[in-house]
Amino acid sequence: MSRTQPIASILIAGGGVAGSLAAAAMRRSWGADVAVTVVSPGRRAEPGAVALSLPPLRALHDRLRIDEDHLVASIGASFSLGGHYEGWRDGELFFPFGETGRRIGNVALHQQWKKAWGRGLWRERFAAFSLATQAALADKFARPPRDGANFAPSLAYGLHLPALAYANYLRMLAGRDGAVFVTGTVAAIERRAEDPRLIEAVRLEDGSRLSADLFVDCTGSARVLAGGRDWQASPFAADRQIGFALRREGPLSPYARFTRFAGGWESRAPVAGGVGVRLVFDSKEADPAPRLDAFRGRIVGDPVEAPLDQGALARPWEGNCIALGAASCCIEPLSGLPLLLVQGGISRLMALFPSRDFAGGEAEEFNRLMAADRASAADLPAFLHGAHQRPALAHKVALFAARGNVAGYDDELLEDYHWINLLLAAGVEPESHDLFADLLGDEETLAQLGAQKEAAAKGAAAMPTLDDFLASIRAGRG
Amino acid sequence: MSQSPIRSVAIVGGGTAGWMAAVALSHLLPKNAARIRLIESEEIGIVGVGEATVPHIRNFNATVGIDERDFMRETLATIKLGIEFRNWNKIGDGYFHPFGYFGRPIGGLAFHQCWRRLREGGDQTDIGAYSVGVTAARKRKFAPPVSDPESALSSYSYAFQFDANLYAPYLRRLAEGRGVLRTEGKVVSVELGGEDGNIQSVTLADGQRVEADFFIDCTGFASLLLGKALKTGYEDWSRWLICDRAVAVPSVLEGDPFPFTRVIARGHGWQWQIPLQHRMGNGHVYSSQFLGAEQAANVLLDNLPGKQLAEPRQFRFTAGRRAQSWAKNCIGVGLAGGFLEPLESTSIYLIQIAVTHFVELFPTHARDSINRAEFNRRMEIEYERIRDFLILHYKATSRADSEFWRYCQAMEVPDSLAYKMEQFTKRGYVVPYREGMFYPPSWIAVCLGQGLIPERYDPQIDRLDGKKLTETASALRGLIDRAVDSLPSHADFLASLAAPAA
């Protein structure tokens with residue numbers, strides 16, 4: 001093996017959440033071995049922009065040694081146990097994060113539940129076992145203990161992160177680890193003479209020139225470095241979004257609301273200082289004016305409208321340039337999908353970190369995995385909209401409707417238990433149950449179901465309200 | 001009780017597949033859910049020639065309530081820690097494919113990548129020295145692994161090698177004890193009918209007609225129901241797996257049985273040695289394109305590790321699988337559903353996984369097509385994963401000493417495998433997948449053993465201090481050596497089976 005030259009410098013274009021998170025992760029992993037520079041124009045005001053995360057972000061935060069209490073208290077973030085969906089599929093549903101209850105014997109809880117429900121022996125919905133659902137709907141929250149002895153994994157949680165403050169926090173963190181932040185706008189890209197697929201340097205509007213071995217494009221739909229070379233539009237119709245912030249009213253809820261209206265939907269993500277609202281709609285179908293009117297008097301600042309350019313780059317990694325976040329894939333911001341895709345891209349880039357000759361087959365594998373992530377992420381909006389379902393998703397839903405089994409595929413973003421939670425919450429009830437559930441007698445099943453339901457109810461009752469929990473964090477007792 | 005559309009299941013064919021299916025269904029299906037009947041003929045022998053397995057067999061045994069020690073006593077079983085490959089990359093070399101991990105991550109980075117860097121620095125230590133399974137196999141040691149993940153003795157797993165001629169009767173006793181009805185007789189015809197063309201019944205040589213709602217075809221290569229009656233096509237994979245014959249013979253066991261399966265590449269195929277408690281199972285898998293039956297038998301007899309105990313038996317087969325594992329109201333289990341050569345001991349695994357998936361996907365109504373589609377999807381993944389892994393052994397070789405090996409070296413392989421080989425060769429990256437057989441350690445063992453040494457390693461490894469890495473690796477080898485030395489010998493472990501469990 002000829003010794004390969006290591007990557008010595010990375011230039012990240014874009015200083016939003018994706019760029020700052022990437023910078024923090026690179027510096028944390030590589031330390032002084034790799035110089036990280038982030039170029040971004042001045043900060044754009046994005047009123048009410050809240051980044052929603054799913055439970056896996058916690059692992060990345062741990063790797064970055066982020067003290068979650070400090071983060072939450074500093075930026076006014078809040079916690080989330082799931083999402084409340086109204087107007088989708090069967091009307092109203094709560095989709096909790098994390099596994100619901102525990103297996104009984106060797107059999108999934110929902111199979112035992114279905115057995116008892118199908119025989120008329122049990123009259124409560126599956127959500128009765130969900131600690132997350134019970135707690136969320138009562139506006140309660142407590143962090144599961146680290147050792148996972150009691151609640152976990154049934155209480156996996158995500159965060160509602162005010163986007164600008166979160167990006168600034170990550171920036172501070174990356175800066176402390178040695179990343180350099182440059183204010184400027186990329187005006188031109190210089191390519192390598194010997195291989196034009198590779199970027200040599202970028203020139204900023206002020207004339208300065210920044211070269212690097214590896215370039216990361218986190219500039220969102222501008223795709224300043226990656227360009228639109230192989231952009232593939234998504235079949236989903238929503239093409240516009242409007243973001244704004246609301247003054248807070250009433251107690252804080254540990255979940256986001258996604259409410260559908262004709263031609264679009266709106267999300268409301270509560271954070272400590274208010275509520276971030278986003279309207280996502282098809283400009284040919286929907287008139288957002290009445291929706292905005294409904295919030296009149298509570299809106300802080302001016303709503304900002306922007307295009308939602310749904311689609312993806314077929315090859316987010318080309319040469320020495322890697323697109324992350326919306327530059328790579330733009331999807332309806334349901335649940336925590338966009339940030340999950342950013343996180344997936346960062347962890348894949350770390351696992352496939354190249355050498356300077358880019359000859360280790362990394363781009364091909366990265367692009368394959370990101371394509372799988374995108375297809376898998378689109379399953380959630382496809383299921384909720386009941387449109388554009390790929391055959392693999394249609395099969396998954398139909399199989400579940402038969403005997404409650406989950407068809408597993410190789411590369412999936414959502415876990416099997418997410419699908420169990422979601423499908424049951426959406427009213428996709430299996431026709432029958434897994435016969436393995438019959439290895440346990442009905443009486444024993446009922447006793448176990450009763451115990452798990454009680455544990456969920458008691459667990460939720462024992463939790464503080466989310467407001468109290470956040471207050472205790474701010475007081476340093478979280 | 002939800003009304004099942006399947007009130008009766010007929011298993012056609014005994015042998016390992018038939019009786020495994022019978023035990024599993026009688027144990028896992030709810031009581032009285034379906035009447036289970038097995039039809040077999042004493043005239044038809046079973047193919048079983050001393051079976052080696054993979055660790056999943058232990059889940060099967062546990063699920064159906066089989067006590068491991070009792071099972072080992074009854075089937076004269078030995079322990080299997082993995083497979084020893086000889087002459088596969090080059091004549092004279094060898095490697096182990098253990099059940100278990102190599103080393104442990106250093107600084108959060110994969111161990112085989114660390115190993116690759118050490119090798120770059122001139123350290124020629126075999127990666128097997130970092131595996132408890134390999135080290136124990138080499139030293140002929142065994143005790144069940146411990147559950148404490150901090151202990152080196154938790155990093156391996158094991159399977160069994162047993163006498164298939166004793167396993168089927170053992171399973172039969174269990175199945176009959178659970179109410180499975182055995183019918184003696186040879187199937188002479190299969191009756192289709194109804195508007196959907198389902199199998200209605202099978203007729204036996206004595207004229208008896210056996211009807212059932214569902215049929216499990218365990219008729220071996222004959223595939224009387226799934227293949228012949230339902231005309232389910234066969235996907236022929238013999239362009240990649242060109243061995244199509246085997247010859248088998250038992251021999252006297254010389255010395256203590258070793259705790260692994262040995263497979264030795266020969267000029268036109270390969271030879272297996274599977275030690276049982278009472279004898280050695282031997283066979284030679286070869287390609288009839290290149291070698292005649294008599295020559296093949298001679299290769300085997302010339303290389304027996306002990307005195308020959310019986311006349312050699314010849315088998316013929318075609319690598320591949322039925323295009324659907326489930327058609328109409330019938331699934332094919334075992335050889336009736338497909339054949340992949342026993343190089344990685346996957347035959348019993350495929351039986352087990354088919355039966356388990358079938359119970360999980362038991363039809364909800366008479367025209368259930370969704371569970372069938374899922375069963376076929378799952379079995380396709382299982383077969384194709386194993387297929388690719390087997391082809392790897394032939395494709396990745398430096399051997400060019402015969403037409404056979406030159407063909408293998410030059411053949412085009414499925415894209416799914418070509419991509420995995422390319423990714424491993426470039427930087428030791430193991431393409432991950434969630435479904436189906438063979439975890440990354442297996443890919444690492446066989447790729448490295450077959451001579452696919454990655455051209456480079458993960459550049460993150462250069463963050464580790466070189467001197468420290470050498471020390472850590474050396475300490476790990478020492479730890480593994482000491483841990484293995486503390487184990488009893490495999491022979492002592494086998495002797496302890498006779499005594500009541502401690």
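These legends accompany close-up views of a predicted model.

**View 1. Overall build of chain B.** Chain B contains 15 helices and 22 strands. Its C-alpha trace extends over about 75 × 55 × 50 Å along the principal axes. For 502 residues, a compact globule would be expected to have a radius of gyration near 23 Å, and the 23 Å of chain B agrees with this. Of the 502 residues, 50% count as buried. Among contacts in chain B that link residues at least 6 apart in sequence, 76% are between residues at least 24 apart.

**View 2. The six-stranded sheet of chain B.** This open sheet has mixed pairing and the strand order 8-2-1-12-21-20. Strand 8 (181-184) and strand 20 (326-327) of chain B lie at the edges; each has a single partner strand, so one side of each has no neighbour in the sheet. Strand 1 (residues 8-12) and strand 2 (residues 35-40) of chain B run parallel and are joined by five bridges. Within this pairing, Ser8(B) lies opposite Arg35(B) of strand 2. Helix 1 (residues 15-28) of chain B packs on the sheet, where it touches strand 1, strand 2 and strand 12 (214-217). The direction of helix 1 makes about 170° with that of strand 2 of chain B.

**View 3. The three-stranded sheet of chain B.** A second view of pairing in chain B shows an open sheet of three strands, with the order 9-10-11 and antiparallel pairing. Strand 9 (187-193) and strand 11 (209-211) of chain B are the edge strands, and each pairs on one side only. On average, neighbouring strands in this sheet are turned by 25° against each other, direction ignored. Six bridges connect strand 9 of chain B with strand 10 (residues 198-204) of chain B in the antiparallel sense. Gly193(B) has Asn198(B), in strand 10 of chain B, as its bridge partner.

**View 4. Helix 9 of chain B and its surroundings.** Helix 9 (residues 347-360) of chain B has 14 residues, which at 1.5 Å a residue should span 20 Å; the C-alpha atoms at its ends are 20 Å apart, in agreement. The helix is mostly covered, with eleven of its 14 residues buried. Among them are Ile348(B), Tyr349(B), Leu350(B), Ile351(B), Gln352(B), His357(B) and Phe358(B). The packing partners of the buried residues of helix 9 are helix 1, strand 3 (51-52), helix 2 (56-63), strand 21 (330-332) and helix 10 (370-395) of chain B. Helix 1 thus appears here as well as in the view of the six-stranded sheet, where it touches strand 1, strand 2 and strand 12 of chain B.

**View 5. The contact between chain A and chain B.** Chain A supplies 25 residues to the contact and chain B supplies 30 residues. On the side of chain A that touches chain B, helix 11 (residues 391-403) of chain A gives the most, with five residues. The residues on this side of chain A comprise nine nonpolar, nine polar and seven charged.

**View 6. Asp293(A) in helix 7 of chain A.** Asp293(A) belongs to helix 7 (residues 289-294) of chain A. With 9 other C-beta atoms within 10 Å, Asp293(A) falls under the limit of 12 or fewer and is therefore exposed. Glu46(A) is 247 residues from Asp293(A) in sequence, and the two are 20 Å apart in space, C-alpha to C-alpha.

Technical notes: Residues are numbered from 1 along each chain as its sequence is written. Chains are lettered from A and ligands numbered from 1 in the order in which they are written. This is a predicted model: local features need pLDDT of at least 70, side-chain atom pairs count only at pLDDT 80 or more; totals for chains, interfaces and linings use all residues. Two residues are in contact if their C-beta atoms, placed from the backbone, lie within 7 Å. Helices (H or I, at least four residues) and strands (E, at least two) are DSSP runs, numbered from the N terminus. Ala, Val, Leu, Ile, Met, Phe, Trp, Tyr, Cys and Pro count as nonpolar, Asp, Glu, Lys and Arg as charged, and the others, Gly among them, as polar. Two strands pair if DSSP finds at least two bridges between them. Axes are lines fitted to C-alpha atoms, for helices over the stretch in contact, and angles run from 0 to 180 degrees between N-to-C directions. The expected span of a helix is 1.5 Å times one less than its number of residues. A residue is buried if 20 or more other C-beta atoms lie within 10 Å of its own, exposed if 12 or fewer, and partly exposed in between; C-beta atoms are placed from the backbone. The radius of gyration is taken over C-alpha atoms; the globule rule is 2.2 Å times the number of residues to the power 0.38.
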